[in-house]
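Let's take a walk through a protein chain together, one step at a time. Have a look at the picture first, and then read on.

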Amino acid sequence: MRGEFVDLSPEIGLPGNDATTRVQLEFWGDTKQSKQHDVKEGDFIVVSVTFSNGESATYFLAPDKA
């Protein structure tokens with residue numbers, strides 16, 4: 001896998017208690033955010049979530065090319 005681990009800034013607050021929250025992530029091919037990353041078949045991202053109680057989980061997600 002390539003790419004660096006980057007914290008979200010600001011953090012995303014999720015309500016918990018079985019609530020569903022949609023989070024949209026956008027990826028850019030440059031640091032100036034002028035060229036959106038070209039998502040291809042088979043691409044995936046790794047998302048690690050750390051909860052306020054210190055527990056964490058890691059998910060491998062296939063992006064929606066919509």
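**A tour that starts at a ring**

At 53% relative accessibility, Phe-60 counts as exposed, because the cut-off for that word is over 50%. Before going further, keep in mind that you are looking at a predicted model.

Where does Phe-60 sit? You will find Phe-60 in strand E2, which covers residues 56-61. Its ring has a partner, and the chain holds 1 aromatic pair by the rule used here. The pair is formed by Phe-44 and Phe-60, with 5.8 Å from centre to centre and 40° between the planes, an arrangement called tilted. Phe-44 belongs to the segment before E1, so the pair links distant parts of the chain, 16 residues apart. Is Phe-44 buried or exposed? Neither word fits, because its relative accessibility of 44% makes Phe-44 partly exposed.

Now stay in strand E2 and move to Thr-58, which lies there too. Thr-58 has a relative accessibility of 47%, and therefore counts as partly exposed. Which residues does Thr-58 touch, once its neighbours within four places in sequence are left aside? The answer is Val-46, Val-47 and Ser-48. Ser-48 deserves a second look: the C-alpha atoms of Thr-58 and Ser-48 are separated by 4.2 Å, although the two residues are 10 residues apart along the chain. Their side chains also meet in a polar contact of 3.2 Å.

Next, travel back along the chain to Leu-8, in the segment before strand E1, the strand of residues 45-50. Leu-8 counts as partly exposed because its relative accessibility is 48%. Leu-8 also takes part in a nonpolar surface patch of about 510 Å². The other members of this patch are Ile-12, Leu-14, Val-23, Leu-25 and Phe-27.

Finally, step back and take in the whole chain. How many helices and strands does the chain have? There are 0 helices and 2 strands. Of the 66 residues in the chain, buried ones make up 3%. The accessible surface comes to about 6700 Å², and carbon and sulfur atoms account for 48% of that area. As for contacts with a separation of 6 or more, 14% of them are between residues 24 or more positions apart.

Methods: Residues are numbered from 1 along each chain as its sequence is written. This is a predicted model: local features need pLDDT of at least 70, side-chain atom pairs count only at pLDDT 80 or more; totals for chains, interfaces and linings use all residues. Side-chain values use heavy atoms; hydrogens and water are left out. Patches are made of residues with over 30% relative accessible area and no salt bridge: like charges are joined within 9 Å, nonpolar side chains (Val, Leu, Ile, Met, Phe, Trp, Tyr) within 5 Å. Accessible areas come from the Shrake-Rupley method with a 1.4 Å probe; for residues, only the protein chains shown count as cover. A salt bridge is a side-chain nitrogen of Lys or Arg within 4 Å of a carboxyl oxygen of Asp or Glu. Helices (H or I, at least four residues) and strands (E, at least two) are DSSP runs, numbered from the N terminus. Buried means under 20% relative accessible area, exposed over 50%, partly exposed in between (1.4 Å probe, protein chains only). Contact means heavy atoms within 4.5 Å. Rings of Phe, Tyr and Trp (its six-membered ring) pair if their centres lie within 6.5 Å; planes under 30 degrees apart count as stacked, over 60 as edge-to-face and the rest as tilted. A polar contact is a pair of N or O atoms within 3.5 Å; within protein, one must be able to donate a hydrogen and the other to accept it, and residues adjacent in sequence count only if both atoms are side-chain atoms.
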